[in-house]
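Here are some notes to go with your first look at this one. Have the structure open beside you as you read.

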Amino acid sequence: MMVSLSPAEALGSHAPGVRDLLVKVIRSRHNKEAEAHLAKGSRYSMGFGSQWRDLLDDALEALTERGFQSHKLAPAGYELPVVNDSLIYVWRVPGTPDAVSRFASSPTRKNGFSAQPPDPMLFEPGFENEPESDDASGETEKLKVERLVRAVGNSMPVVLVMVHSSPRQLQSIEWAVADLDDEGTVKLHGHEAIWEPELVAADATSDGGSFDSGTPVPPAVEPRKQEGTDPDAR
């Protein structure tokens, strides 16, 4: 399979819209889980870590509501959104050093790397401010050729959206194209942050806003504790 070099390449003209939508969905889920954890008063973060399935469902719902297709992964049966013939997997990263390289350690996740693209749609969904699908530009023709090559390869690129968080803070959201090598190790291509607290603060100050008095206090970052693995290791 020809590996896409980045999520932007894999998702094509949909990339900006997908990025903004996923950031919105993930931040909303984090706020709900953090509030629930605080109300519960637990000293442990195992319950907070169970949001992994909600993240998958939230992303699926948000994208399918906009007309995008989905793909069900066996054996666990998770349904994931498909954009531009690319499979999108939103994942809260466990606090282990080799978590990403071992992402495909479960049969369900491993099957995502051999998932075939769905049948073509009659009308291509999209977001506002995207180039028109009937645009006769060279870029549009290039995207059509790339999708045809993927279809011949019989497998979709996997865009892995990685969430780093604790009950105290959503630390970052990153994405990359994940590739599974012959030894079962996952490697990332085009890895980049799409949301960080610092980026949000920089955007706010660049709009001309200022503090009337005092100094803003940065959010506290606590070390990630060891958490149990997702219950999809089957």
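1. Which residues in α4 are buried? The list runs W52, L55, L56, D58, A59, L60, A62 and L63. Keep in mind throughout that this is a predicted model.

2. While you're on that helix, try a quick length check. α4 covers residues 52-64, which is 13 residues, and at 1.5 Å a residue the expected span is 18 Å. The C-alpha atoms at its ends sit 19 Å apart, so the model agrees with the expectation.

3. Now see what α4 lies against. The helix lies across β1, β2 (78-83), β3 (86-92) and β4 (158-166). Its direction makes an angle of about 40° with β2.

4. Those strands belong to an open sheet of 6 strands, ordered β1-β2-β3-β4-β5-β6 with mixed pairing. At the edges are β1 (69-73) and β6 (186-195), each pairing on one side only. From one strand to the next, the twist averages 30°.

5. For a closer look at one edge, go to β6. Its pairing with β5 (residues 169-180) is antiparallel and runs over 7 bridges. One spot to find there: V177 has H189 in β6 as its bridge partner.

6. Stepping back, the chain has 7 helices and 6 strands, in the order α-α-α-α-β-β-β-α-α-β-β-β-α along the sequence.

7. Last, some whole-chain numbers. Of the 234 residues, 41% count as buried. The chain exposes about 13100 Å², with 51% of that supplied by carbon and sulfur atoms. Among contacts with a separation of 6 or more, 70% join residues 24 or more positions apart.

Note on methods:
Residues are numbered from 1 along each chain as its sequence is written. This is a predicted model: local features need pLDDT of at least 70, side-chain atom pairs count only at pLDDT 80 or more; totals for chains, interfaces and linings use all residues. Side-chain values use heavy atoms; hydrogens and water are left out. Helices (H or I, at least four residues) and strands (E, at least two) are DSSP runs, numbered from the N terminus. Buried means under 20% relative accessible area, exposed over 50%, partly exposed in between (1.4 Å probe, protein chains only). Contact means heavy atoms within 4.5 Å. Accessible areas come from the Shrake-Rupley method with a 1.4 Å probe; for residues, only the protein chains shown count as cover. The expected span of a helix is 1.5 Å times one less than its number of residues. Two strands pair if DSSP finds at least two bridges between them. Axes are lines fitted to C-alpha atoms, for helices over the stretch in contact, and angles run from 0 to 180 degrees between N-to-C directions.
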